[in-house]
Amino acid sequence: MAHAGDLRGRKQVFTLSIFLMALPTLGIGLLPTYAKLGIWAPVLLLLLRILQGVAVGGEVPGAWVFVGEHVDPSNVGLACGILTGGLTGGILLGSLVATGLGMAMTHGQLASYGWRIPFLLGGALGLLSMYLRRLLAETPVFLELKARRALASDTPLKSVVRDHRGAVVLSGLLTWVLSAAIVVVVLMTPALLQKMYGVPAVVALRANSLAALALTVGCVLAGWMTDRFGPGKLLMFGCPLLGVAAYLLYTAGTLNPWLTTSIYALAGLTVGIVAIVPYVMIAVFPPAIRFSGISFSYNLAYAIFGGLTPILVSWLLRYDRLAPAHYVGILCLLGAAIGAFLVAQPPNKYKT
């Protein structure tokens with residue numbers, strides 16, 4: 001999808017990716033059960049899930065590129081922050097829908113038909129989003145490239161790997177920091193608080209919802225501050241704050257429900273520093289191969305680091321109960337070091 005986005009336009013792919021997400025999501029909601037379809041039911045479920053993954057692979061980088069090229073260069077950070085906050089807000093919305101259904105339905109009702117409702121709702125909203133995206137205009141940056149006949153003459157990905165290896169490495173390392181913050185602090189922590197520290201499930205889940213809400217606010221705030229102070233300075237300031245918040249969460253945050261909720265919300269707010277990542281990636285790749293560069297770097301790094309993080313943290317927990325905090329802390333040091341590197345570069349080199 002990124003290849004097509006660089007050669008045929010951002011809008012087409014931006015519309016296609018949400019369609020590829022809406023269709024399998026709706027399909028899961030309508031999927032016959034094993035009793036009716038036999039072995040083909042789980043096979044189709046697997047194929048639909050794979051199609052969802054393909055759609056996400058093009059959706060997130062495509063959305064960053066689309067908004068980054070539409071807004072004024074002085075507002076790219078804020079635009080990326082709002083968009084990234086929207087992604088985390090969507091996670092919160094999905095959690096609230098699931099929680100609401102769990103409260104409104106019995107276990108038998110959920111197992112019988114209630115589980116389909118979120119998929120049908122998500123699929124319908126996806127189709128509505130596809131219609132709305134058709135009303136959007138192509139990005140001015142792509143239209144200018146097309147008018148000047150400056151689109152990539154070679155295969156975009158080939159150009160990325162051959163000529164922009166430094167940008168790929170930088171984007172991959174930032175994605176590692178992003179995946180550590182999201183996977184450990186947002187996704188893994190509720191279960192770890194319950195299993196390792198005996199925090200009641202209702203407290204952990206409530207705190208996680210507040211953390212997701214704070215994360216949404218934090219993304220917007222980080223994006224706005226990036227436009228004002230630059231990505232390097234903000235990484236040097238924000239990553240240490242995230243590291244401190246992670247250690248507080250796994251020490252003082254386990255003492256009582258009030259501290260769990262308060263410190264988890266603070267940690268969620270500091271995770272908003274991840275909104276800097278798309279800003280830097282938009283800046284390091286030239287427009288002609290930007291979509292392919294971001295998609296390749298982000299998806300490859302997230303597949304590797306995002307996939308290995310739960311395994312590595314779970315293994316380290318055998319030796320240290322603070323392993324999640326240590327892991328996040330180490331990656332925060334990496335993020336701060338990247339910030340120092342960006343600050344040391346010539347002025348405006350890594351500004352959009």
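Helices here are DSSP runs of H or I with at least four residues, numbered from the N terminus, and in this predicted model the place of Ile-263 is in one of them, helix α13, which covers residues 257–271.

**View 1. Surroundings of Ile-263 in helix α13.** With a relative accessible area of 10%, Ile-263 is buried, because that value lies under the 20% cut-off. Once the neighbours within four places in sequence are left aside, the residues in contact with Ile-263 are Ala-245, Leu-248, Leu-249, Ala-252 and Gly-253. For Ala-252, which is 11 residues away from Ile-263 along the chain, the separation between the two C-alpha atoms is 8.2 Å.

**View 2. Packing of helix α10 with helix α12.** The axes of α10, residues 165–197, and α12, residues 231–250, come within 11 Å of each other and cross at roughly 15°. Since angles under 35 degrees count as roughly parallel, the two helices α10 and α12 are therefore described as roughly parallel to each other. The crossing of α10 and α12 is left-handed. On the α10 side, the residues that meet α12 are Leu-174, Ala-181, Val-184, Thr-189, Leu-192, Leu-193 and Tyr-197, while α12 contributes Leu-235, Leu-242, Leu-249 and Tyr-250. Sorted by class, the residues in this contact of α10 with α12 comprise 10 nonpolar and one polar, with no charged residues. Leu-249, listed here on the α12 side, is also among the residues in contact with Ile-263 in the preceding view.

**View 3. Ser-74 in the loop between α4 and α5.** The loop that holds Ser-74 joins the stretch of α4, residues 40–70, to that of α5, residues 76–104. Ser-74 is partly exposed, with a relative accessible area of 43%. Apart from neighbours within four places in sequence, Ser-74 is in contact with Asp-227 and Arg-228. The C-alpha atom of Ser-74 is separated by 9.8 Å from that of Trp-224, a residue 150 positions away along the chain.

**View 4. The whole protein as the setting for the close-ups.** The protein has 16 helices and zero strands. Its radius of gyration is 21 Å, close to the 20 Å that the globule rule gives for 352 residues, so the protein is as compact as a globular protein of that length. Taken along the principal axes, the box filled by the C-alpha atoms is roughly 60 × 50 × 30 Å. Of the 352 residues, 47% count as buried, and among contacts with a separation of 6 or more, 82% are accounted for by residues 24 or more positions apart.

How values were computed:
Residues are numbered from 1 along each chain as its sequence is written. This is a predicted model: local features need pLDDT of at least 70, side-chain atom pairs count only at pLDDT 80 or more; totals for chains, interfaces and linings use all residues. Side-chain values use heavy atoms; hydrogens and water are left out. Axes are lines fitted to C-alpha atoms, for helices over the stretch in contact, and angles run from 0 to 180 degrees between N-to-C directions. Angles under 35 degrees count as roughly parallel, over 145 as roughly antiparallel, 65 to 115 as roughly perpendicular and the rest as oblique. A crossing is left-handed if the near helix is turned anticlockwise from the far one by less than a right angle, and right-handed if clockwise. Contact means heavy atoms within 4.5 Å. Ala, Val, Leu, Ile, Met, Phe, Trp, Tyr, Cys and Pro count as nonpolar, Asp, Glu, Lys and Arg as charged, and the others, Gly among them, as polar. The radius of gyration is taken over C-alpha atoms; the globule rule is 2.2 Å times the number of residues to the power 0.38. Buried means under 20% relative accessible area, exposed over 50%, partly exposed in between (1.4 Å probe, protein chains only).
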